[in-house]
Amino acid sequence: MTIRMSALIAATLIFTSLPGVRADAAESAQPGATGAEDSGGLQEIIVTATKRNENLVKVPISMNVYTDSAIVAAGITQPVDFLAATPNVTFIQDNAGEAYINIRGQTSVRNSDPNVAIVIDGVTLSSTKPFNQDLFDIQQIEVLKGPQSALYGRNAAAGAVVITTKQPTDEWEGDVVAGRGNFNTTRASGSVSGPLTDTLKISIAGSFRNTDGPFTNVTTGEKVERIESTTGRLQLRYQPDDKLTMDFRLSGHTATGGSTAYNAQVVGLPIGGFPGTALDANNTNIPFVSNVIGQGEDRFSDALLKVDYDFGFAKLTSITATNFLNQYFGSDSPPYLPNTGSPGATVQQYTYVDTNYSEELRLTSRSDQRFRWQVGFYALEFLRNQTSKISVDNAGSLPADNNHIAPPGATDPTLSYDDAKYKTTSYAPFASVQWDILDQLHLNAAGRYDTEKRSIREVAADEINPLTGVSYNNCVALTGKSLGQCTTERTFEQFEPKVSLSYDLGPNASVYASYGKGFKSGGFNPIGSRQALIGAAIAAGIPASSVYVQDNYDKEVSTAYEIGAKGRFFDHKLNINVAAFKTDITGAQQFEFYPSVGLQTTISIDKVTLKGFDVDFDAQLPLGVTVFGGYGYTDGKVASFAGNPAFDGNVAPGAFKYTINLGASQSSALTNELTLVPRVEVNRYGPIWWDVANTPGTRRDPLTLLNARLTLKSTKKWELAAYGDNLTNRQYYQEVVPLLGGFSVNFRGATRTYGMEARYSF
């Protein structure tokens with residue numbers, strides 16, 4: 001309470017003492033910047049966070065916004081480029097397509113639903129797997145912090161990332177971007193947009209990226225983080241009159257490359273510069289030594305139809321969407337040694353096949369009235385077929401067939417095989433109201449009731465595995481059920497309210513206080529997981545009581561309180577946003593990986609408490625100088641964990657203790673046609689733990705990264721830029737996955753990268 005009250009009091013004193021200026025109306029504006037003021041100040045920003053177009057300063061939500069001009073200026077081409085610079089955000093990714101966004105200590109983990117909603121053109125992705133793609137032809141990115149479940153429903157407990165792509169334009173225009181960098185990196189993107197008729201407009205955009213990545217396997221010469229990806233997007237807008245608008249989007253993405261490029265640390269097993277005496281999350285002196293070449297592939301496609309009809313008193317919006325993901329990755333198994341033919345040597349293969357259908361229907365009142373409202377209904381069906389296959393490594397390569405069991409006589413016989421089919425059916429009515437109680441006092445209230453039915457069916461063949469003497473199907477082998485009985489289902493329900501009260505300190509400054517609940521559904525581990533782990537523990541001489549994984553896990557519910565202030569001052573030359581928060585989580589979901597039995601599981605921490613604050617600013621100074629920065633602090637604790645009470649009081653895993661971002665740019669006219677813009681940015685990330693046990697040796701120390709960019713702009717619509725990231729070439733692990741007390745697998749962060757980029761607009 002002291003932190004929050006101090007922040008609010010300080011912000012209020014500062015804001016009320018600074019001169020404000022006129023607020024531009026947001027009624028008819030589109031998302032993005034509305035243009036600089038005549039005085040040369042920073043641009044007004046219109047956001048869609050509440051599913052209305054509103055002035056950023058007036059929205060009672062802590063958020064960071066990246067407009068199309070900011071995206072170009074910062075060289076944002078992937079999610080990490082903006083999330084890594086956002087206060088109190090932890091972004092974790094690997095080269096196998098996994099991506100996790102943690103906001104203010106609320107974590108997203110493998111095999112569990114995300115805690116941050118990814119919303120692209122109004123459609124919420126069912127998982128973050130398709131999110132980690134190239135960004136191109138983007139109008140605006142909004143990062144919302146704090147519970148957004150009342151607005152965006154399932155999986156928005158920690159916040160939301162709202163991405164708006166550029167819509168088809170009234171006149172023909174486009175751009176082309178091409179770049180070349182170290183590690184044999186090539187990137188290109190382009191778009192063209194314009195009218196086909198008076199009522200029909202089209203936009204076509206695409207992106208291509210190919211890179212070897214920074215790391216080479218010393219045994220095979222494999223570029224372990226290589227990737228080649230291609231993405232395309234088609235959009236059509238039909239607008240026969242001022243009442244009806246229809247938007248259609250079709251997009252596709254393919255990628256091929258390396259697989260799970262992790263380093264392993266095993267106590268008692270020296271590798272390279274790792275002595276093997278104890279785990280050390282800060283020792284990156286470990287080469288890639290596996291003799292098995294990894295392989296990863298993914299294909300993603302989606303389609304969207306959005307229909308808006310304006311009745312005058314309200315607008316009816318229908319958003320119908322479907323998408324499909326097929327992802328595969330295979331590699332050597334931990335500890336990733338060149339040990340083909342040795343006892344216990346295995347390779348691993350995993351597949352995810354996801355199909356998603358969703359529909360949102362909402363009716364939104366006009367915005368030019370004191371009392372505004374919105375009502376709607378959302379429905380979703382999500383299907384996933386997830387397989388894992390562990391094979392004996394006799395050949396030093398991956399089996400060609402990753403979807404079927406290979407008999408003992410095969411070159412690479414199957415040691416374990418899991419095939420699970422998951423189904424989620426979700427529906428939710430929702431409503432919100434906005435009431436201007438007074439000209440300066442505003443009430444926002446929203447509520448949503450989510451009902452989510454989930455089921456799992458284990459369909460791996462009920463055949464005896466000659467290598468183990470029991471059925472390949474863990475459910476049959478460990479629970480005594482027949483194959484037909486290896487299914488279970490549960491229904492999770494939750495009401496998610498959010499209420500905020502805001503007060504305008506002036507035309508361009510406000511303070512607010514809010515309360516909200518967030519929800520993430522529970523789910524299932526593969527049936528028989530608990531019994532398999534108990535058996536493995538006993539075989540390893542570990543007591544069965546140490547196993548806290550269950551075959552299912554409960555829903556995660558968060559309760560959050562926030563106060564904040566935001567404003568634009570000195571003729572729009574200074575923006576400041578500050579917020580303090582306190583969040584209590586029950587059933588916080590965490591990932592646990594057990595490679596010896598090929599199981600990736602989810603556990604629940606009974607209670608986690610989080611508190612902290614974040615602040616960000618940008619200011620326009622004389623001589624064309626702009627400075628920007630932010631600071632975020634999160635104090636997270638494991639308040640209760642019944643699975644092992646010894647972990648009570650540990651640091652909550654998966655989030656940085658603090659984040660610091662500071663940067664500057666300067667626009668200098670060289671001639672009437674040419675402008676030079678140098679930009680430098682420093683990001684510092686505090687310490688982070690990765691598991692509920694706070695396993696000794698797995699805490700990563702604070703990390704500082706330096707990025708820079710130099711852009712030459714022409715009034716003839718071309719730009720040439722040189723860029724460099726991690727210029728001091730810091731060596732670090734982006735992710736550490738503790739497995740057992742003396743075993744972890746770690747994913748390397750990118751080393752120094754640099755290159756050139758050219759852009760032409762027409």
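These exercises work through salt bridges, burial, cavities and a pocket in a predicted model.

Local features need pLDDT of at least 70, side-chain atom pairs count only at pLDDT 80 or more, and totals for chains, interfaces and linings use all residues. Residues are numbered from 1 along each chain as its sequence is written, and side-chain values use heavy atoms, with hydrogens and water left out.

**Exercise 1. A salt bridge between strand and loop**

Task: Find the salt-bridge partner of D134 and state where both residues lie.

Solution:
- Start with the criterion: a salt bridge is a side-chain nitrogen of Lys or Arg within 4 Å of a carboxyl oxygen of Asp or Glu.
- The structure holds 33 such bridges.
- D134 pairs with R187, and their closest N and O atoms are 3.9 Å apart.
- D134 sits in the loop between strand 8 (123–124) and strand 9 (138–145), and R187 in strand 12 (residues 185–195), so the pair ties together parts that are 53 residues apart in sequence.
- Strands (E, at least two residues) and helices (H or I, at least four) are DSSP runs, numbered from the N terminus.
- Now check burial: buried means under 20% relative accessible area, exposed over 50%, and partly exposed in between (1.4 Å probe, protein chains only).
- D134 and R187 are both buried.

**Exercise 2. Neighbours in sequence, K453 and R454**

Task: Name the salt-bridge partners of R454 and K453, and classify each residue as buried, partly exposed or exposed.

Solution:
- R454 bridges to E452, with the closest N and O atoms 3.0 Å apart.
- R454 is buried, because its relative accessible area is 9%.
- E452 is buried too, because its relative accessibility is 0%.
- K453 bridges to E489 at 3.7 Å, N to O.
- This second pair links distant parts of the chain: K453 belongs to strand 22 (residues 441–458) and E489 to strand 23 (residues 487–506), 36 residues apart.
- K453 has a relative accessible area of 42%, so K453 is partly exposed.
- E489 has 48%, so E489 is partly exposed as well.
- Look for shared partners: salt bridges join D113, R154, E452 and R454 into one network.

**Exercise 3. The surroundings of D302**

Task: Locate D302, then list its contacts.

Solution:
- D302 lies in strand 17 (residues 295–310).
- With a relative accessible area of 9%, D302 is buried.
- Leave out residues up to four places away in sequence; D302 then touches R249, L250, S251, T322 and N323. Contact means heavy atoms within 4.5 Å.
- The side chains of D302 and R249 also make a polar contact of 2.6 Å. A polar contact is a pair of N or O atoms within 3.5 Å; within protein, one must be able to donate a hydrogen and the other to accept it, and residues adjacent in sequence count only if both atoms are side-chain atoms.

**Exercise 4. Two cavities**

Task: Describe the largest cavity and the second largest cavity by volume and lining.

Solution:
- Define the space: on a 1 Å grid over the protein atoms alone, a cavity is a set of points where a 1.4 Å probe fits but cannot get out, and lining residues have an atom within 4 Å of a point.
- Define the volume: grid points are joined across faces, edges and corners, and the volume is the space filled by probe spheres set on the points.
- There are 16 cavities of 30 Å³ or more.
- The largest has about 400 Å³.
- Its lining has 29 residues, and N111, S112, D113, R384 and Y553 lie nearest the centre.
- By class, this lining has nine nonpolar, 13 polar and seven charged residues. Ala, Val, Leu, Ile, Met, Phe, Trp, Tyr, Cys and Pro count as nonpolar, Asp, Glu, Lys and Arg as charged, and the others, Gly among them, as polar.
- The second largest cavity has about 300 Å³.
- The second largest cavity is lined by 20 residues, with I120, P130, Q133, R233 and S251 nearest its centre.
- Strand 15 gives the most to this lining, with four residues.

**Exercise 5. The second largest pocket**

Task: Give the volume of the second largest pocket and the element that contributes most to its lining.

Solution:
- A pocket is an open set of grid points with protein on both sides within 12 Å along at least five of seven lines.
- The volume here is about 960 Å³.
- Of 46 lining residues, E592, Y594, P738, L739 and L740 lie nearest the centre.
- Strand 36 gives the most, with six residues.
- The lining divides into 29 nonpolar, 13 polar and four charged residues.
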